[in-house]
Amino acid sequence: MAAALLPDVAALHPKTALYHLHYDEPAGAKSSQLVYAVEQLGRLLPADADPSRTYVGVYDADSQPDRTTLRHLAHATDRARRAGQPLPTLVQQLPLQLRRPHAARGGLTDLTLRAHAVADLRRRMGIEAHRLRTRVRLRALRLPDGLRTVLDPVVYGIGAGLFVRHDRLVAIGMYEEPVDDLLIGYKLSAAGESAVVLPVHNLVDRYARVGSLAKAYSLVALGSVVGCLRLLRDPALRAFGRRNTVTLVKEGLDTVWWFLGPPCVIAAVLVLGVRGDLSTLLVWGVAAGAYLVLHALISMGHATRFLAGHEGAHERAEPLRGGGAPALLLPLILLQPVLHWLGPLRLAVARTLGPLARRPLAMGKTER
């Protein structure tokens with residue numbers, strides 16, 4: 001399909017060098033395919049291309065980046081150059097899971113997944129964008145290196161919309177299985193590299209089925225565990241010393257809480273229920289629900305504004321408050337912590353029962 005489309009696309013953009021690289025190895029998922037592509041850049045890029053001024057960007061098939069993305073990427077690098085600083089190693093564009101997939105069906109499940117898309121935006125803006133912006137602010141303060149090492153948040157790489165400087169990408173070992181983007185973020189955090197976030201977004205399909213969502217979270221859970229093990233064991237990363245150790249501790253605790261947090265909360269609810277302390281249970285339940293709903297309302301407002309300003313968002317961008325039963329959207333957001341926990345739960349079950357079933361653990365949309 002790509003080979004058939006390329007001539008027409010190239011004819012529309014005669015001044016742009018476009019290439020189609022076909023990865024025909026029987027083994028290897030997205031990470032191996034990306035490594036293959038990067039290895040071909042030596043013969044594809046102009047002879048005078050400077051790896052320290054070249055960015056390798058990745059998008060998935062369902063990506064619809066804002067049309068001004070590359071302009072904003074250029075602005076981000078120009079700002080660093082004018083300030084006399086090295087160009088940022090990582091430039092991240094955040095996704096908006098607000099396109100309706102063709103496989104979506106009506107009903108309560110579909111509304112639940114629409115609510116997940118809103119909750120996903122809350123996490124993107126409240127965690128991922130916040131971490132990237134905090135790193136930039138900490139660098140502007142010129143703090144002692146030891147203090148900044150402790151305060152620097154760990155950055156997550158997000159596969160579609162991820163731009164990494166070519167020289168640093170090669171230096172950290174490029175993309176790795178099983179999760180290319182998460183490990184990129186871990187390694188660059190351990191190395192203390194600079195990272196910025198773009199002010200425009202990448203519009204992508206939301207999930208059509210709960211099973212697909214569970215598979216995706218299961219892959220991220222696996223990547224979190226593998227990433228922590230890499231930080232612990234890899235000599236190249238351990239060479240970063242204290243910064244690598246801090247990254248390992250932060251992400252280790254974060255991963256442990258993702259896996260064990262819901263059982264702890266469930267256990268607390270059961271203990272309060274058995275003791276008959278219903279007033280405490282009610283107070284905490286109302287507080288947690290109000291917190292989620294408040295952030296959901298803020299996220300829905302942000303999403304409406306982002307979509308209105310997104311160049312190219314037309315046919316399949318889903319109205320947040322329309323279609324189906326919009327009154328159920330906010331209550332369904334209360335289910336999102338449960339959906340988020342499906343990843344670690346599925347991974348643990350698959351690792352436990354997989355050897356008995358004698359079948360490989362299938363997950364992620366790339367493998368399909």
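Contact is taken here to mean heavy atoms within 4.5 Å. In this predicted model, His201 touches Gln64, Pro65, Asp66, Gln93, Leu94, Leu96, Met125, Phe306 and His310, when residues up to four places away in sequence are not counted. His201 is found in the loop between S6 and strand S7 (202-205), and its relative accessible area of 7% places it among the buried residues, for which the value must be under 20%. A second histidine, His72, has its place in helix H4 (residues 69-82) and counts as partly exposed, at 24% relative accessibility. Leaving aside neighbours within four places in sequence, His72 is in contact with Leu198, Pro199 and Val200, while its C-alpha atom is separated by 27 Å from that of Val179, a residue 107 residues apart from it along the chain.

The largest nonpolar core of the model has 31 residues, and those with the most contacts inside this core are Val38, Leu90, Leu96, Leu98, Leu169, Tyr175 and Ile184. Two or more residues are given to this core by each of helix H2 (30-39), strand S1 (55-58), strand S4 (95-99), helix H5 (108-141), strand S5 (162-165), helix H8 (180-190), strand S6 (195-197) and helix H12 (278-309); of these, H5 gives the most, with 5 residues. The surroundings of one core residue, Leu90, can be listed in full: with residues up to four places away in sequence not counted, Leu90 touches Leu132, Leu162, Phe163, Ile184, Leu188, Ser194, Ala195 and Val196.

Helix H5 has 34 residues and reaches 48 Å from its first C-alpha to its last, close to the 50 Å expected at 1.5 Å a residue. A bend of about 35° is nevertheless found in H5 at His130. The axes of H5 and helix H9 (residues 210-233) come within 10 Å and cross at roughly 30°, and the two helices are therefore roughly parallel to each other. On the H5 side this contact is made by Thr109, Leu113, His116 and Arg123, and on the H9 side by Val210, Leu213 and Tyr217. H5 is followed by Arg142, which lies in the loop between H5 and helix H6 (145-151). The phi of Arg142 is near 55°, a positive value in a residue other than glycine, and Arg142 is exposed, with a relative accessible area of 70%.

Helix H8 is largely enclosed by the rest of the structure, because 11 of its 11 residues are buried; among them are the charged-type residues Asp180, Asp181 and Lys187. The axes of H8 and helix H11 (residues 242-275) come within 8 Å and cross at roughly 140°, which makes H8 oblique to H11. In this pair, Tyr186, Ser189 and Ala190 of H8 meet Arg243, Asn244, Thr247, Glu251 and Thr255 of H11. Just after H8, Gly192 takes a positive phi of about 70°. A positive phi, of about 60°, is also found at Met174, although Met174 is not a glycine. Met174 has its place in the loop between helix H7 (166-171) and H8, and is buried, with a relative accessible area of 13%.

Technical notes:
Residues are numbered from 1 along each chain as its sequence is written. This is a predicted model: local features need pLDDT of at least 70, side-chain atom pairs count only at pLDDT 80 or more; totals for chains, interfaces and linings use all residues. Side-chain values use heavy atoms; hydrogens and water are left out. A nonpolar core is a set of buried Ala, Val, Leu, Ile, Met, Phe, Trp, Tyr and Cys residues joined through side-chain atoms within 4.5 Å. Buried means under 20% relative accessible area, exposed over 50%, partly exposed in between (1.4 Å probe, protein chains only). Helices (H or I, at least four residues) and strands (E, at least two) are DSSP runs, numbered from the N terminus. The expected span of a helix is 1.5 Å times one less than its number of residues. The bend at a residue is the angle between axes fitted to the seven residues ending there and the seven starting there. Axes are lines fitted to C-alpha atoms, for helices over the stretch in contact, and angles run from 0 to 180 degrees between N-to-C directions. Angles under 35 degrees count as roughly parallel, over 145 as roughly antiparallel, 65 to 115 as roughly perpendicular and the rest as oblique.
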